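Reader: I've just opened my first protein model and don't know where to look. Could you walk me through it?

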Amino acid sequence: MSAKSAQKKITEFTCIVCPVGCTLNVTVEEGNNIKVLGNKCPKGAEYALREVTNPQRYAQSTVVLLGSKTERRLPVKTDKPVPKDRIFDVVKEIRKVKVNVPVKVGDVVLEDVLGLGVNVVATRTVEE
Ligand code: SF4
């Protein structure tokens, strides 16, 4: 193995942007030069670059629901992905929230969580 090839890091994963599910081969070379192979469209390359440099995920959880006759908890999620290494902190903040009925899908239950520029929204409507 040459010194040059030892400085490469190759990662393989499946693109989850659409149902096609292309297998992406990502090579990170010396100087952080990133090459993506296997993508059938530019979205796959963008996804691969994000996964390698700043992986992000949507956070999902539930909050306490007050005043409902039928539900005790309300499912919620972030309206944008958050850095993967902050998901645990975001879920901890979500767990502190209590919401009163009525609540509709898309209602913001927590604004700008941890200053990340991301809101937490309801994923279910509960009228009473
Ligand atoms: S690379 Fe493009 S076509 Fe392939 S799974 Fe990703 S988004 Fe779909």
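Author: Sure, and keep in mind that this is a predicted model. Let's begin with helix α2, whose buried residues are Gly44, Tyr47 and Ala48.

Reader: How do the buried residues of α2 sit when seen down the axis: what do they line?

Author: An α-helix has 3.6 residues a turn, so residues three or four places apart point the same way. In α2 the buried residues fall within an arc of 100 degrees when you look down the axis. That is why they line one face of the helix.

Reader: Which residues are exposed on the other side of α2?

Author: Here a residue counts as exposed if 12 or fewer other C-beta atoms lie within 10 Å of its own. On the side of α2 away from the buried residues, that label goes to Pro42, Arg50 and Thr53.

Reader: What covers the buried residues of α2?

Author: Remember that we're talking about Gly44, Tyr47 and Ala48. Their cover includes two strands, β2 (23–29) and β3 (33–37).

Reader: And how far does α2 reach from its first C-alpha to its last?

Author: The helix covers residues 42–53, which is twelve residues. At 1.5 Å a residue you'd expect 16 Å. The model comes close to that, with a reach of 17 Å.

Reader: Which strands are the edge strands in the sheet of β1, β2 and β3?

Author: This is an open sheet with the order β1-β2-β3 and antiparallel pairing. An edge strand here pairs on one side only. That description fits β1 (9–14) and β3.

Reader: By how many degrees are neighbouring strands of this sheet turned against each other?

Author: Direction is ignored for this one, and the value is an average. For neighbouring strands in the sheet, it comes to 20 degrees.

Reader: What is the bridge partner of Thr27 in β3?

Author: Strands of a sheet pair through backbone hydrogen bonds, either parallel or antiparallel. β2 and β3 go for the antiparallel sense, over five bridges. Look in β3 for the partner of Thr27, and you'll find Lys35.

Reader: Zooming out, is the chain spread out or a compact globule?

Author: The chain has three helices and ten strands. For 128 residues the globule rule gives a radius of gyration of 14 Å, but the value for this chain is 20 Å, well over that. Along the principal axes, the C-alpha atoms fill a box of roughly 65 × 30 × 20 Å. Compared with a compact globule, the radius of gyration therefore makes the chain more spread out.

Reader: What percentage of the residues in the chain is buried?

Author: Buried means that 20 or more other C-beta atoms lie within 10 Å of a residue's own. Of the 128 residues in the chain, the buried ones make up 19%.

How values were computed. Residues are numbered from 1 along each chain as its sequence is written. This is a predicted model: local features need pLDDT of at least 70, side-chain atom pairs count only at pLDDT 80 or more; totals for chains, interfaces and linings use all residues. Helices (H or I, at least four residues) and strands (E, at least two) are DSSP runs, numbered from the N terminus. The radius of gyration is taken over C-alpha atoms; the globule rule is 2.2 Å times the number of residues to the power 0.38. The expected span of a helix is 1.5 Å times one less than its number of residues. The arc is that of the directions from the helix axis to the C-beta atoms. Two residues are in contact if their C-beta atoms, placed from the backbone, lie within 7 Å. Two strands pair if DSSP finds at least two bridges between them. Axes are lines fitted to C-alpha atoms, for helices over the stretch in contact, and angles run from 0 to 180 degrees between N-to-C directions.
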